[in-house]
Amino acid sequence: MQEQPTHRADVPGDSEAHPGHGSHGSVGDGPDDHHGQHPEHDDRSEPGHSGGHGAHGGHPDSGSRAMAASATLHCLSGCAVGEISGLMIGTAIGLSTGWTIALAVGLAFFFGYLLSTLPLVKTGLGLGAALGVVFAADTLSIAVMEIVDNAVMALIPNAMDAGLVNWIFWVGMAIALTVAFFAAYPVNRYLLQRGKGHALTHQYHHGSSAAVTGVRRYIPTFPTSTLVAVIAAFMLGGLIVSIAAEGESGAVGEGHAAPRSDVLAPAKSGTS
C-alpha cells in the first residue's frame with residue numbers, strides 16, 4: 001500500500017523530465033500543443049512558401065521583358081541592315097520610290113531571317129529545320145516592324161525622296177526604327193509568354209552544350225549588342241556626312257553668288 005504513492009510521485013517527475021513526450025502524449029491537446037511546441041516551423045513554412053512563389057512569380061515577368069527587348073533588338077538590327085541597304089541600292093541605280101521600298105522590305109526580311117538562322121545552324125540544326133523555326137519565330141515581328149517603319153518614313157516630309165546625302169533621310173530613318181522597336185516589342189513579349197516567337201529559338205541556343213565542330217565552327221554569329229552599335233555608328237556617320245555635304249554645298253553656292261553681284265554692280269552704276 002505504501003509503494004503506490006511512491007510510484008505516482010515518479011510519474012510527474014518523468015513528465016517534467018520529458019515535456020515533449022507529455023505534450024505529444026495528451027490526446028485532447030495534441031494538435032494545439034504540437035504547433036505550439038514548433039512555432040518556428042509554421043513561421044518559416046508559410047511566409048517562406050508564399051515568398052518563394054512571389055519570387056518565382058516575378059522572375060518570369062522580368063525575364064520575359066528582357067528577352068522580349070533582346071528579341072526586338074535582334075529583329076530590328078536585321079531590318080535596319082535591309083532597309084538601309086535597299087534604300088542605298090535603290091537610290092544608286094535610280095529606282096522609283098515604290099520599287100525602292102519593295103527592295104528595302106525584301107532585304108529587311110532577308111537579313112532578319114539570316115541573322116536568326118546562322119546561330120541555329122551553328123548549334124547543329126539542319127538548314128531546313130532552322131529556316132522553319134526562324135520563319136515561325138520572326139515573321140510576325142519583322143512584318144510589324146516593316147509596316148511601321150515605312151509608314152513613319154512616308155509620314156515624314158521628304159524623308160523618302162531626300163537621298164542618302166541628306167540629313168532628313170538619316171533623322172527620319174532613326175525616328176522610324178525607334179517607333180518600329182516600340183511597336184514590335186509588345187508583339188514579341190506576347191509571343192514569348194505563350195512559348196512562341198523567339199522562345200522557339202531560345203531552346204536551341206541554350207539547350208545544346210555540345211562543342212561545335214567541323215565546318216560549323218566557321219559560321220559567323222553576331223551578338224545583338226554589336227549589331228546595334230555598328231548600325232548606330234553607321235547611321236550617325238551618314239548623318240554627319242550629310243550635314244557636312246550640305247554645309248559645303250551652301251558655302252559653294254554663296255561663293256558663286258558673290259562674284260556675280262560684284263559684276264552686276266558696276267553695270268548699274270555705268271547706266272545711271
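This passage describes the helical make-up of the chain, the packing of two of its helices and a nonpolar patch on its surface.

The model is a predicted one, and in it the chain contains nine helices and zero strands, so that, by the definition of these elements as DSSP runs, its pattern along the sequence reads α-α-α-α-α-α-α-α-α. Of the 272 residues that make up the chain, 27% count as buried.

Among the helices, H6 spans residues 127–155 and H7 spans residues 167–193. Helix H6 packs with H7 at an angle of about 150°, and the axes of the two helices lie 8 Å apart. Because angles over 145 degrees count as roughly antiparallel, H6 and H7 are assigned to that class with respect to each other. The crossing in which H6 passes H7 is right-handed.

Helix H7 also takes part in a nonpolar surface patch, to which this helix gives the most, with four residues. The patch covers about 400 Å² and is made by Trp167, Val171, Ile175, Val179 and Ile243. One of these contributors, Val179, lies in helix H7 and has a relative accessibility of 36%. Since buried means under 20% and exposed means over 50% relative accessible area, valine 179 falls between the two limits and therefore counts as partly exposed. Helix H7 thus appears both in the packing with H6 and in the nonpolar patch at the surface.

Notes. Residues numbered from 1 in each chain as written. Predicted model: local features only at pLDDT ≥ 70, side-chain atom pairs only at ≥ 80, totals over all residues. Heavy atoms only, no water. Patch = residues over 30% accessible without salt bridge, like charges linked within 9 Å, V, L, I, M, F, W, Y side chains within 5 Å. Areas by Shrake-Rupley, 256 points an atom, 1.4 Å probe, with all protein chains shown as cover. Salt bridge = Lys/Arg side-chain N within 4 Å of Asp/Glu carboxyl O. Buried < 20%, exposed > 50% of the residue type's maximum accessible area, 1.4 Å probe, protein only. Axes fitted to C-alpha atoms, helices over the stretch in contact; angles between N-to-C directions. Parallel < 35°, antiparallel > 145°, perpendicular 65-115°, else oblique. Left-handed = near helix turned anticlockwise from the far one by under 90°.
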